[in-house]
Amino acid sequence: MNNTVFGKIIRREIPADIVYEDNSTLAFKDTSPQAPIHILIIPKKLIDMPQNITTQDLEIVGNLFFAAKEIAKKLNITNGYRLVMNNGEEAGQSVFHIHLHFLAGRKLNWPPG
Ligand code: 5GP
């Protein structure tokens with residue numbers, strides 16, 4: 001059972017502002033946005049951390065990047081966007097269901113904090 005907050009969003013037990021969905025992927029707005037556009041792109045399958053991705057998950061994980069491209073097209077984002085996936089608490093991971101942060105709408109600094 002996926003008891004993370006993202007599992008609840010996938011099962012529609014809690015609301016989310018969904019911007020994209022396909023067979024293996026769901027994307028919705030982050031409730032604590034770090035940029036004017038901040039979307040979380042997640043696999044419907046529970047994978048807790050990037051470090052636990054297996055060879056069986058490669059298509060599912062690749063689909064996250066495909067969804068990012070589709071979202072950029074849908075939202076007409078032409079100025080660039082950043083895709084980030086945190087692995088582990090030290091790197092900032094707080095929800096243990098992998099997710100790609102899609103950030104856009106402002107100049108993004110590098111290196112990140
Ligand atoms: P992490 O820190 O694990 O890389 O990212 C988790 C993200 O999930 C954070 O940016 C946080 O704001 C977001 N988040 C946490 N709870 C919820 C929620 O209930 N709904 C939505 N849409 N985003 C959430």
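Tutor: In this predicted model, a helix is a DSSP run of H or I with at least four residues, and a strand is a run of E with at least two.

Student: What makes α1 a helix and β2 a strand, and how many residues does each supply to the shell around the ligand?

Tutor: α1 covers residues 5-10 and β2 covers 25-29. Each name therefore stands for a DSSP run, of H or I for α1 and of E for β2. Each supplies at least two residues of the shell, and α1 gives the most, with three.

Student: Which residues come nearest to the ligand, and why are they called near?

Tutor: D30, N86, G92, S94 and H101 come nearest of the 16 residues around the ligand. They are called near because a heavy atom of each lies within 4 Å of the ligand.

Student: What makes the pairing of N86 with the ligand a polar contact?

Tutor: A polar side-chain atom of N86 is 2.8 Å from a ligand oxygen atom. The limit for a pair of N or O atoms is 3.5 Å, so this pair is a polar contact. The same reasoning holds for H101, where a side-chain N or O atom lies 2.8 Å from an oxygen atom of the ligand. For K29, a polar backbone atom is 2.8 Å from a ligand nitrogen atom.

Student: How much of the ligand does the protein bury?

Tutor: The protein buries 81% of the 520 Å² that the ligand exposes when taken alone.

Student: How do you know where the ligand sits?

Tutor: A molecule sits in a pocket if more than half of its atoms lie within 2 Å of the pocket's grid points. The ligand sits in the largest pocket, so it meets that condition.

Student: What is the volume of the largest pocket, and what lines it?

Tutor: Its volume is about 690 Å³. The lining has 32 residues, with D30, Q34, H38, N86 and H101 nearest the centre of the pocket. Two or more residues of the lining come from each of α1, β2, β3 (37-43), β4 (82-84) and β5 (100-104). α1 gives the most to this lining, with three residues.

Student: How do the residues of the shell and of this lining divide by class?

Tutor: The shell around the ligand holds six nonpolar, eight polar and two charged residues. The lining of the largest pocket has 15 nonpolar, twelve polar and five charged residues.

Student: Why does G80 count as polar in the lining of the second largest pocket?

Tutor: G80 is among the residues lining that pocket. G80 counts as polar because Gly is placed in the polar class. By class, this lining has six nonpolar, three polar and two charged residues.

Technical notes. Residues are numbered from 1 along each chain as its sequence is written. This is a predicted model: local features need pLDDT of at least 70, side-chain atom pairs count only at pLDDT 80 or more; totals for chains, interfaces and linings use all residues. Side-chain values use heavy atoms; hydrogens and water are left out. A polar contact is a pair of N or O atoms within 3.5 Å; within protein, one must be able to donate a hydrogen and the other to accept it, and residues adjacent in sequence count only if both atoms are side-chain atoms. Accessible areas come from the Shrake-Rupley method with a 1.4 Å probe; for residues, only the protein chains shown count as cover. On a 1 Å grid over the protein atoms alone, a cavity is a set of points where a 1.4 Å probe fits but cannot get out, and a pocket is an open set with protein on both sides within 12 Å along at least five of seven lines; lining residues have an atom within 4 Å of a point. Grid points are joined across faces, edges and corners, and a volume is the space filled by probe spheres set on the points.
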